[in-house]
Amino acid sequence: MIEKLKEITEKYKNPKTLVIIGVVGIIFIAAASFFSGENTGVKSENSVFDTEEYRKTLEKEVSGIVYGITGDKRSTVVVTLQNGIRYSYADDTKTDSDLTDTEKTKQSRKSSQSSHITVKDSNGEEKALVVTENMPEIRGVAIICENGEQEYLAEKIKSAVIAALDITSKRVYITGKN
C-alpha cells in the first residue's frame, strides 16, 4: 500500500495536480453523502415501525421457513398479533418535598411532576424521545401448504416456527392444500 502511494506521488510531483486530485476526491465524498440521504428504503433510528409491516415481515419469514422445508412456493401464511407496538418514552420527573416541624405537629408535603423528554426531528417537529419499542405479541400462526396434512412434515414446520418466533405449539396451526 505504501509503495503504491509513493508511486503515485512520484508520478504526480506537481503539487497543483495533487491538490486538484484531493479536491475532486472530497467533492465525490460530499456528493455521495448528500445523495445517500435520499430515499434509500432504510428506516432511520427515530422512525416509527408499523404494526402491519411487522406482521407482513413475520409472514414472509414463516413462508421462507415453509419453503425451505416443503419446497412449496405458494404456501399461505397468516400471522395474527395480540396488540399494536407499545413505546416507552424517556421521562423527566421533578420531585418536591417539604417537611414542616412545629411544636404540635409534623407535616410533610410531597409533589412530583413528570413530563416526556422531547427532541426535534429533521422537519423541526418536537416528538417524545422513544426509549424502547415493544413489538406486539404473536397471537397465532396459520399455515396452509402442500403436504401440510402429513404429520411428519407438519411437525417439522411447527418446530421450526415455534423456534423462530418463540411461541408455544398451541399458537401454530398447519394444514394441507385441498
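Colleague: Which residue forms a salt bridge with Lys 177?

Modeller: In this predicted model, the closest N and O atoms of the pair are 3.5 Å apart. The two partners come from distant parts of the chain, Lys 177 lying in the segment after S9 and its partner in the loop between H3 and S1, 105 residues apart. Lys 177 is partly exposed, with a relative accessible area of 27%, whereas the partner, at 7% relative accessibility, counts as buried. The residue that forms the salt bridge with Lys 177 is Asp 72.

Colleague: Which residue meets Glu 137 in a salt bridge?

Modeller: Glu 137 lies in the loop between S7 and S8 and its partner in the loop between H4 and S9, so the pair ties together parts that are 34 residues apart in sequence. Glu 137 is partly exposed, with a relative accessible area of 41%, and the partner is partly exposed as well, at 27%. The side chains meet at 3.2 Å, N to O, and the partner of Glu 137 is Arg 171.

Colleague: Is Glu 59 buried or exposed?

Modeller: Glu 59 lies in helix H3 together with Arg 55, four residues away, about one turn of the helix, and the side chains of the two meet in a salt bridge of 2.5 Å, N to O. The salt bridges there form a network that links Glu 52, Arg 55 and Glu 59. Because a relative accessible area under 20% is the cut-off, Glu 59, at 15%, counts as buried.

Colleague: What is the order of the strands in the open sheet of three strands?

Modeller: The pairing in this sheet is mixed, and S1 and S8 pair in the antiparallel sense over six bridges. Within that pairing, Thr 76 stands opposite Ile 144 in S8, and the bridge partner of Val 77 in S8 is Ile 143. The order of the open sheet is S1-S8-S9.

Colleague: Which strands are the edge strands of this sheet?

Modeller: An edge strand of the sheet in the order S1-S8-S9 is one that pairs on one side only. Neighbouring strands of this sheet are turned by 10 degrees against each other on average, direction ignored. The edge strands are S1 and S9.

Colleague: Which residues make up the covered face of strand S1?

Modeller: Helix H3, residues 51-70, packs on the sheet and touches S1 and S8, its direction making about 140 degrees with that of S1. The uncovered face of S1 is made by Thr 76, Val 78 and Thr 80, while the covered face consists of Val 77, Val 79 and Leu 81.

Colleague: Which residues make the nonpolar surface patch of about 190 Å²?

Modeller: One member lies in the loop between strand S6 (126-128) and strand S7 (130-134), namely Leu 129. Leu 129 is partly exposed, with a relative accessible area of 32%, and a patch takes residues with over 30%. The residues that make the patch are Ile 117, Val 119 and Leu 129.

Colleague: What is the phi of Asp 166, which is not a glycine?

Modeller: Most residues other than glycine have a negative phi. Asn 147, in the loop between S8 and H4, nevertheless has a positive phi of about 60 degrees. Asp 166 is found in the loop between H4 and S9 and is exposed, with a relative accessible area of 70%. The phi of Asp 166 is positive, at about 55 degrees.

Technical notes:
Residues numbered from 1 in each chain as written. Predicted model: local features only at pLDDT ≥ 70, side-chain atom pairs only at ≥ 80, totals over all residues. Heavy atoms only, no water. Helix = DSSP H or I, 4+ residues; strand = E, 2+ residues; numbered from the N terminus. Buried < 20%, exposed > 50% of the residue type's maximum accessible area, 1.4 Å probe, protein only. Pairing = 2+ DSSP bridges. Patch = residues over 30% accessible without salt bridge, like charges linked within 9 Å, V, L, I, M, F, W, Y side chains within 5 Å. Areas by Shrake-Rupley, 256 points an atom, 1.4 Å probe, with all protein chains shown as cover. Salt bridge = Lys/Arg side-chain N within 4 Å of Asp/Glu carboxyl O. Axes fitted to C-alpha atoms, helices over the stretch in contact; angles between N-to-C directions. Contact = heavy atoms within 4.5 Å.
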